[in-house]
Amino acid sequence: MSQATLSASLKERPADEITLIRPSRGLGALNLRDLWLYRELIYFLTWRDIKVRYKQTVLGAAWAVLQPVLQMVVFTLLFNRVANLSSNGIPYPIFNFAALLPWRLFAKALNDAGRSLVTNRNMVTKVYFPRLVIPLASVLGGVVDFAFAFLVMIGLMMYYHFAPGSGYQFQASPALLSLPLFLLLALLTAFGVSLWLSALNVLYRDVAYVLPFLTELWFFITPVVYSSTEIPERFRLLYALNPMTGVVEAFRWALFGAQSQAAPGPMVAVSALVAIVVLVSGLFYFRRMERVFADEI
Amino acid sequence: MPTSYDVAIRVENLGKKFHIGVSPQDSPLRGNTGSYRTLRDEVSEAYQRLRKGRHALVAQKNTIWALRDVSFDVRKGQVLGIIGRNGAGKSTLLKILSRVTEPTEGYAEIRGRIGALLEVGTGFHPELTGRENIYLNGAILGMKRAEIAQKFDEIVAFSEVERFIETPVKRYSSGMYLRLAFAVAAHLEPEILVVDEVLAVGDAEFQRKCIGKMSDVAQQGRTVLFVSHNMSAILRLTEECLVLDQGRLALRAATNQAVDYYMAAGFSNAGERVWSAAEVPADAAPFKPLALRVRDAAGRVVDTLRSTEAFNVEFEYELQQDITGLRVGFYVLTLRGEYVFTSFDTDEISRFDGFSTRKAGRYCSRCVIPANMLNDGRYVLAVNASTFRIRRYFQDEHALGFYVDGTGAPGKQWPETRLGPLRPALDWEIQNLS
């Protein structure tokens, strides 16, 4: 074939999408572009997660509101009335609820996403798609519950604002605008931890047994029922190594502003840094283990 | 002259090694590994490694090559069949090509968008409606939302579940569920389609429809890799086949030749089930099953039989004590678990009297299944050894599977699926009454 006809035939043919399949070695690329190509699958799996969550329940989506409210009531009775923990002058119920918002998002992600690969083993062993989609969809599924709980938060804040003698006055501060940013931080933290747990759970089912225990322990080292001002000043940055500490403090700061305490800037910075380290290392670990998921699950 | 542009799939020296779990029964060849590691195993293994320093040796022993040194190309637009008995590596090959799992060695190059159907209904959620599951399953298979929306009516029509499209699929019958699942899968339109045994599901009528759909796909000039145990489907849909045996490529030939080779040549392990001591429950004693075999008319142990020839089923066992009133027999079941028939070695009254007490020792109970009895398809043999209403010594519901190939059977001139598990050759008489 002459040069001219060869190049002509090259032009005629549409460029084929070429896939090379070979054993991968080393760390490998993160290949996040693949995740973008499969964005519709992320959407559908998130949607499935939300859609089936409260199916065949009498109260349905009301559970998304009831659960955090009941939790808050119990904590208020237990930690405020009985244990008498302080809440920096903010009514304890909203002080606690502000922390429950990101905490519940995180705890749910830990439990759902941690088990997600094993729960969806059918998909993992039968169809190709970037495996990251599965824990990501599980984490995102929690956002709807978060939104419901957030409406409750607005209601509670209004109630305490107008209730005489509550000692709480709502002040619109620019800090409120940073809330979406902190929601993102909460999601990234949850996603990072979920990556580690879900990948580990494929290899070691022990993870499923550790999860409830881990969640409980993590709950107590996060300032949900108490304020981080209870921690001695010099230990606070150490305390912020728990990435959820920064998230919770940031939420309180955004919602209550100066009334809660001074801006928790350094703590949030430390927590965010830890969250990013967990996320990036989690991504690499997940991608590395991904190649054996279908064989080991 | 074929240039590299005409090649849709090129596979070079592809190999896949599996680690077998703790027990050899958990071989990946029996579907998924039933075993998974726990931290405890890992820790104790690490300790063993430290102590003995022979990790390499142990690892060698616990691995198995499910696929090795497999090389072939597939031309664009070719429909290539892949046949081989269970555990030959067919599914492993498809899983590697569809990127579900990685090869251990070698490589494959795929030109064009590939879509794989290793199972129908992946990701179906019982609580979601038919409509919702179509979208979900479509997305899982790699279709875009717009594409699914565009084909939605066609999918629903194909599945024949229009009336129940807003009903959660948990309320569907298993037939409806499968029809819907296959309908979504059948509307996947990649340039290269990889299909594993998905046609073996559903009732005969639906299978016929599925094979029809597959042959449409094949005629549209798409590249298809098709794995099946259904030789009629293979013969109908493909012109060329790969035969895999024990993870290696045994033959690539025109379909007729490949099917003959597959059915005749030395697949000596197939068609036989041997019970190891560990597989026999302790309460079976004094009855001890040894082996169950299916032999073709020529006496060879095979896993695919021709429906036009008689074949033998033989059950070998040992009695550690005398047993009175023992009957040993088997059931033939379809893959969907329906009983086709049951037979015991002492069914006939004279034999029942003659063998009222069987002395301790080794026995073989053998019977002939006449020609022209079973229809095409896969069947399962279940065995039973018992004394009527007194005691069941041993039962294995899934002792051995075998295939029946209906090539040359009555009515084969019509390429349709015959309903029912039986395909008898009956004496018809056509009388002209005018």
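**Exercise 1. Work out which residues of helix α3(B) are buried, and what that says about the helix.**

*Solution.* Keep in mind that this is a predicted model. Start with the cut-off: a residue counts as buried if 20 or more other C-beta atoms lie within 10 Å of its own. Now go along the helix, residues 90-97 of chain B. The buried ones are B:K90, B:S91, B:T92, B:L93, B:L94, B:K95, B:I96 and B:L97. That's 8 of the 8 residues, so α3(B) is largely enclosed by the rest of the structure. One extra detail: just after α3(B), B:R99 takes a positive phi of about 65 degrees.

**Exercise 2. Find out whether the faces of strand β5(B) are covered or open, and describe how the strand pairs with β6(B).**

*Solution.* Take the strand, residues 114-117 of chain B, one side at a time. On one side sit B:I114 and B:A116, both buried. On the other you find B:G115 and B:L117, buried as well, and both faces are therefore covered. Next, the pairing. Strands of a sheet pair through backbone hydrogen bonds, either parallel or antiparallel. Here β5(B) and β6(B), residues 192-195, run parallel and are joined by 4 bridges. To spot the pairing on screen, look for B:I114 opposite B:I192.

**Exercise 3. Describe the side of chain A that touches chain B.**

*Solution.* First, the head count: 31 residues of chain A are in contact with 40 residues of chain B. Second, ask which elements supply them: β1 (18-21), α3 (39-53), α6 (121-126) and α13 (265-296) of chain A each give at least two residues. The largest share, 6 residues, comes from α3(A). Third, sort this side of chain A by character: 13 residues are nonpolar, 4 polar and 14 charged. Finally, look at strands that pair across the two chains. β1(A) runs antiparallel to β4(B), residues 105-111, with 4 bridges between them. A:T19 has B:I110 as its bridge partner.

**Exercise 4. Lay out the domains of chain B, then put the strands of its open four-stranded sheet in order.**

*Solution.* Chain B splits into domain 1 (4-12 + 71-264), domain 2 (21-61) and domain 3 (272-405). The C-alpha centres of domains 1 and 3 lie 35 Å apart. Now for the sheet: its order is β10-β11-β13-β18, with antiparallel pairing. β10 (272-274) and β18 (361-369) are the edge strands, each pairing on one side only. From one strand to the next, the twist averages 15 degrees. Zoom in on one pair: 3 bridges join β10(B) to β11(B), residues 287-295. There, B:E272 has B:R293 as its bridge partner.

Notes
Residues are numbered from 1 along each chain as its sequence is written. Chains are lettered from A and ligands numbered from 1 in the order in which they are written. This is a predicted model: local features need pLDDT of at least 70, side-chain atom pairs count only at pLDDT 80 or more; totals for chains, interfaces and linings use all residues. A residue is buried if 20 or more other C-beta atoms lie within 10 Å of its own, exposed if 12 or fewer, and partly exposed in between; C-beta atoms are placed from the backbone. Two strands pair if DSSP finds at least two bridges between them. Two residues are in contact if their C-beta atoms, placed from the backbone, lie within 7 Å. Ala, Val, Leu, Ile, Met, Phe, Trp, Tyr, Cys and Pro count as nonpolar, Asp, Glu, Lys and Arg as charged, and the others, Gly among them, as polar. Domain bounds come from an automatic or database domain assignment. Axes are lines fitted to C-alpha atoms, for helices over the stretch in contact, and angles run from 0 to 180 degrees between N-to-C directions.
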